[in-house]
Amino acid sequence: MGTPEFPDLGKHCSVDYCKQIDFLPFTCDRCLQVFCLDHRSYMKHDCPKGNRGDVTVVICPLCAKGVRLNPDEDPNITWEKHVNTDCDPSNYEKTVKKKKCPVPRCRELLTFSNTIKCRDCCIDHCLKHRFGPDHTCSGPKKTESSFSFMGFLSSNSKEAPPPTSSSSSWSSLFSRLGNDISQSFQFASGDDGSSEKTQERNGKQNRGKVTVDVCPKCSRGFRDPKDLLKHIDKDHRGTSKA
């Protein structure tokens with residue numbers, strides 16, 4: 001086998017009736033035997049371990065679930081395990097029976113691409129009946145709050161008087177502003193006149209009164225401060241208690 005230069009080159013096929021020498025042989029990954037080009041597949045050389053990597057799934061007619069068969073186990077045993085543990089007949093309708101549009105006389109099947117949920121009633125419909133008037137939508141559900149203060153607020157809102165129109169409110173506001181401004185002007189003018197009158201009265205009273213400055217040494221009175229200074233310089237030689 002091989003050549004003088006390469007004595008280990010090439011191998012014979014493992015099939016009994018073939019035994020062909022192949023310089024590029026194939027090794028089976030299941031039975032680990034060498035085969036030629038014609039017998040390299042599992043079916044051609046009847047590989048005893050060729051079906052171990054295959055995946056066989058059987059759909060259960062009771063629950064519509066897939067049951068995977070183990071190559072090293074009897075299919076009847078695998079089936080009994082599934083029926084005793086995982087089989088749920090209630091899942092059959094959910095899987096097989098497809099959802100349809102709830103609108104009467106509409107036979108459209110609801111799939112991923114043609115299903116739209118209504119925002120008001122939260123029910124799935126087809127594209128044709130996606131709007132509220134098309135499927136007679138009942139509207140959004142009213143949520144009843146369990147808090148007591150919410151009822152109190154609603155009762156207060158009912159007892160409150162109806163709001164006045166915007167035009168009447170603006171007119172009343174402007175009338176109040178006008179009254180306030182007129183009163184403020186009247187008050188300011190009245191204050192100015194009274195202040196002038198009080199100043200005149202104080203001036204007249206001050207004119208009638210005569211102030212007298214008393215000498216701290218001899219207790220002599222002087223109407224004019226200049227006379228008091230002259231008296232201190234002359235009689236007391238410029239000394240005073242102040």
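**Local and overall features of the predicted model**

At 46% relative accessibility, Lys19 counts as partly exposed, because this class covers values between the limit for buried residues, under 20%, and that for exposed residues, over 50%. The model in which Lys19 is described is a predicted one. Lys19 is placed in the loop that connects β1 (11-12) with β2 (21-22). Its phi is near 50°, a positive value in a residue other than glycine. A positive phi is also found at Leu32, where the angle is near 60°. Leu32 belongs to the loop between β3 (26-27) and β4 (34-35). With a relative accessible area of 64%, Leu32 is exposed, since the limit for this class is over 50%.

The protein as a whole contains 5 helices and 10 strands. Of its 242 residues, 16% count as buried. The exposed area amounts to about 20,400 Å², and carbon and sulfur atoms supply 54% of this area. Among contacts between residues at least 6 apart in sequence, 14% join residues that are at least 24 apart.

The largest nonpolar core has 7 residues in all, namely Cys13, Val15, Cys28, Cys31, Phe35, Cys36 and Cys47. Within this group, Cys31 touches Cys47, and Cys31 also touches His45, when residues up to four places away in sequence are not counted. A second core, separate from this one, has 5 residues, among them Val103, Cys106, Leu110 and Cys126.

Strand β5 (residues 56-59) and strand β6 (residues 66-69) run antiparallel and are joined by 4 bridges. Val58 has Val67 of β6 as its bridge partner. The hairpin formed by β5 and β6 has 6 residues between the strands, and in this hairpin Ala64 takes a positive phi near 60°.

Aromatic residues were examined next. The count of aromatic pairs comes to 0. A charged residue is nevertheless placed over a ring: Arg40 lies over the face of Phe26, at 5.8 Å from the ring centre.

Towards the end of the chain, His236 is found in the segment that follows α5 (225-235). His236 is in contact with Cys215, Lys217, Cys218 and His231, leaving aside neighbours within four places in sequence. For His236 and Cys218, the separation is 18 residues in sequence and 9.3 Å in space, C-alpha to C-alpha.

Methods: Residues are numbered from 1 along each chain as its sequence is written. This is a predicted model: local features need pLDDT of at least 70, side-chain atom pairs count only at pLDDT 80 or more; totals for chains, interfaces and linings use all residues. Side-chain values use heavy atoms; hydrogens and water are left out. Helices (H or I, at least four residues) and strands (E, at least two) are DSSP runs, numbered from the N terminus. Buried means under 20% relative accessible area, exposed over 50%, partly exposed in between (1.4 Å probe, protein chains only). Contact means heavy atoms within 4.5 Å. Accessible areas come from the Shrake-Rupley method with a 1.4 Å probe; for residues, only the protein chains shown count as cover. A nonpolar core is a set of buried Ala, Val, Leu, Ile, Met, Phe, Trp, Tyr and Cys residues joined through side-chain atoms within 4.5 Å. Two strands pair if DSSP finds at least two bridges between them. Rings of Phe, Tyr and Trp (its six-membered ring) pair if their centres lie within 6.5 Å; planes under 30 degrees apart count as stacked, over 60 as edge-to-face and the rest as tilted. A charge sits over a ring if NZ of Lys or CZ of Arg is within 6 Å of the ring centre and within 35 degrees of the ring normal.
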